[in-house]
Each structure stands twice: as C-alpha cells, then as structure tokens.
Amino acid sequence: MGTVSQKYSFSITVNYPSDYIVSKFTDVVLVNNYNEQFTDYQWFKNGEKIEGATLQFYCDPNGISGIYSVEVGTAQGSKVKICGAEFTPEEQAATKSLVKKIEVYPNPATSSQPINIQLVNLSENDIKNANMLIINSIGNKVMQLKNLSEEFEISLPKGSYTITIFFYQQKISTKVIVNN
C-alpha cells in the first residue's frame with residue numbers, strides 16, 4: 001500500500017479587488033458601496049491601521065499618497081478585505097483636472113433636431129453602470145435610460161429639462177432648453 005502523508009490544514013482568503021477604492025478630490029479615498037453591501041469600515045495606509053478611520057471614506061490631511069486598503073463588514077456579518085489601491089500625488093493632480101461632466105449640444109436646441117449628449121471623463125465602468133434621468137421644469141420624469149454609451153442622441157419636445165446621470169453613488173447634472 002502507499003505512504004500516507006501528514007495532514008495539513010489551510011485556509012483560502014479571497015479579497016475584493018482594489019476597484020472598490022476610489023479617490024475623490026486630492027485628499028479623500030472612499031469605498032464604492034453602490035449596492036449597499038458593506039456596513040462598517042477600517043482603513044489602512046501602507047499596511048498600517050489608521051486609528052479612527054472607520055467611515056466609508058477617509059480624508060488624509062496630507063493628501064492621498066500611498067497604498068490604501070480597507071477591511072469592511074458585510075450585511076451578513078462577515079469581515080472581508082479590499083485589496084490596496086495605490087495613489088500618487090502626480091496621479092491625484094492629473095485626476096483633479098479630469099472633472100466628470102455632461103456636455104449637451106446644441107443648447108438651446110430645437111424640437112426638430114436631435115440633441116447630442118456626451119459623457120466626459122467617465123470611465124468605461126462608470127458608463128456601464130450609469131442611468132440617465134431627464135426631468136422637465138415642473139418635476140415630471142420625461143425619460144429614463146440605461147445601457148448608455150459615451151456619446152448618444154436623444155429628442156425632446158419644447159421645454160426646459162434637467163439631465164442627470166447616476167453612477168455608483170455619484171451624480172452629475174446639466175440643463176438643456178428646447179425651443180420650437
């Protein structure tokens with residue numbers, strides 16, 4: 001008969017990807033909790049626990065620089081780690097100039113012509129998870145779209161509208177006027 005080897009126990013740890021950590025401004029990192037699966041947080045910088053950093057976001061008074069990770073609690077009561085995301089001062093300065101916005105043209109438009117909408121500085125992932133809501137000047141929902149692309153066209157009747165794009169826990173808005 002063969003040789004029996006010694007029994008070893010082991011465990012496997014699966015962490016969430018660093019994509020869940022995003023920078024906001026030049027001094028804030030936050031956990032993208034768009035599906036509300038996380039209930040509590042403990043932030044780490046360069047592997048060291050940051051005392052008192054137990055919110056969904058962490059504001060670094062010295063600016064974001066280093067590797068930020070976070071241990072999160074889930075609604076099911078378990079603790080999981082989100083892999084570290086590295087941020088550099090140079091990257092933060094470049095990101096600051098990349099303001100996410102909606103460009104609409106022509107504006108004002110006429111009801112007989114299509115309105116071109118362009119989503120500027122949104123990542124492919126932002127756009128994939130985005131929804132658009134158009135509300136008229138009296139607060140009625142006129143249109144709601146999913147499965148957006150970076151650039152697309154819509155048509156609207158005469159009126160004044162607010163166009164809002166929702167992605168994760170963020171939103172950006174602009175206004176458009178349509179004449180006859």
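Begin the tour by selecting strands 1, 2 and 5, which make up an open sheet of three strands in the order 1-2-5, paired in the antiparallel sense. Strand 1 and strand 5 (57-59) stand at the edges with a single partner strand each, so one side of each has no neighbour in the sheet. From one strand to the next, the twist averages 20°. Keep in mind throughout that what is on the screen is a predicted model.

Stay with this sheet and show strand 2 together with strand 5, which run antiparallel and are joined by three bridges. If the residues are labelled, Leu-30 can be found standing opposite Phe-57 in strand 5.

Next, select Tyr-16 and Tyr-20 and show their rings, which form an aromatic pair, edge-to-face, at 5.3 Å centre to centre with 85° between the planes. Which of these residues is buried, and which is partly exposed? Tyr-20 counts as buried because its relative accessibility of 18% falls under the 20% cut-off, whereas Tyr-16, with a relative accessible area of 22%, is partly exposed.

Now add Phe-38 to the selection, and look at its ring beside that of Tyr-16: the centres are 5.4 Å apart and the planes lie at 80°, so this pair is edge-to-face. The pair links distant parts of the chain, since Tyr-16 belongs to the segment before strand 1 (21-24) and Phe-38 to strand 3 (residues 38-45), 22 residues apart. Phe-38 counts as buried, at 5% relative accessibility. With Phe-38 included, the selection shows one aromatic cluster, formed by Tyr-16, Tyr-20 and Phe-38, while the structure as a whole holds five aromatic pairs.

From Phe-38, move to Asn-33, which is found in the loop between strand 2 (28-31) and strand 3. Asn-33 is buried, with a relative accessible area of 5%. Its side chain is joined to that of Tyr-41 by a polar contact of 3.1 Å. Leaving aside neighbours within four places in sequence, the residues in contact with Asn-33 are Phe-38, Tyr-41, Gln-56 and Gln-169.

Tyr-41 leads on to the next stop, because this residue stands opposite Val-72 in strand 6. Select strand 3 and strand 6 together, and follow the seven bridges that join these antiparallel strands. Strand 6 (residues 66-74) is mostly covered, with seven of its nine residues buried.

Then extend the selection to strand 7 (residues 79-87), which pairs with strand 6 in the antiparallel sense over seven bridges. Val-72 serves as a guide here as well, for its bridge partner in strand 7 is Val-80. In the hairpin of strand 6 and strand 7, four residues lie between the strands, and Gly-77 takes a positive phi near 95°. Before leaving this region, show Lys-81 and Phe-44, where the lysine lies over the face of the ring at 5.3 Å from the ring centre.

For the last stop, select strand 8 (residues 101-105) and ask which of its side chains are buried. Along this strand the side chains alternate, with Ile-102 and Val-104 pointing to one face and buried, while Lys-101, Glu-103 and Tyr-105 point to the other face and are not buried. Add strand 10 (residues 115-120), which pairs with strand 8 in the antiparallel sense over five bridges. The tour ends at Val-104, which stands opposite Ile-117 in strand 10.

Definitions and conventions:
Residues are numbered from 1 along each chain as its sequence is written. This is a predicted model: local features need pLDDT of at least 70, side-chain atom pairs count only at pLDDT 80 or more; totals for chains, interfaces and linings use all residues. Side-chain values use heavy atoms; hydrogens and water are left out. Rings of Phe, Tyr and Trp (its six-membered ring) pair if their centres lie within 6.5 Å; planes under 30 degrees apart count as stacked, over 60 as edge-to-face and the rest as tilted. Buried means under 20% relative accessible area, exposed over 50%, partly exposed in between (1.4 Å probe, protein chains only). Helices (H or I, at least four residues) and strands (E, at least two) are DSSP runs, numbered from the N terminus. A charge sits over a ring if NZ of Lys or CZ of Arg is within 6 Å of the ring centre and within 35 degrees of the ring normal. A polar contact is a pair of N or O atoms within 3.5 Å; within protein, one must be able to donate a hydrogen and the other to accept it, and residues adjacent in sequence count only if both atoms are side-chain atoms. Contact means heavy atoms within 4.5 Å. Two strands pair if DSSP finds at least two bridges between them. Axes are lines fitted to C-alpha atoms, for helices over the stretch in contact, and angles run from 0 to 180 degrees between N-to-C directions.
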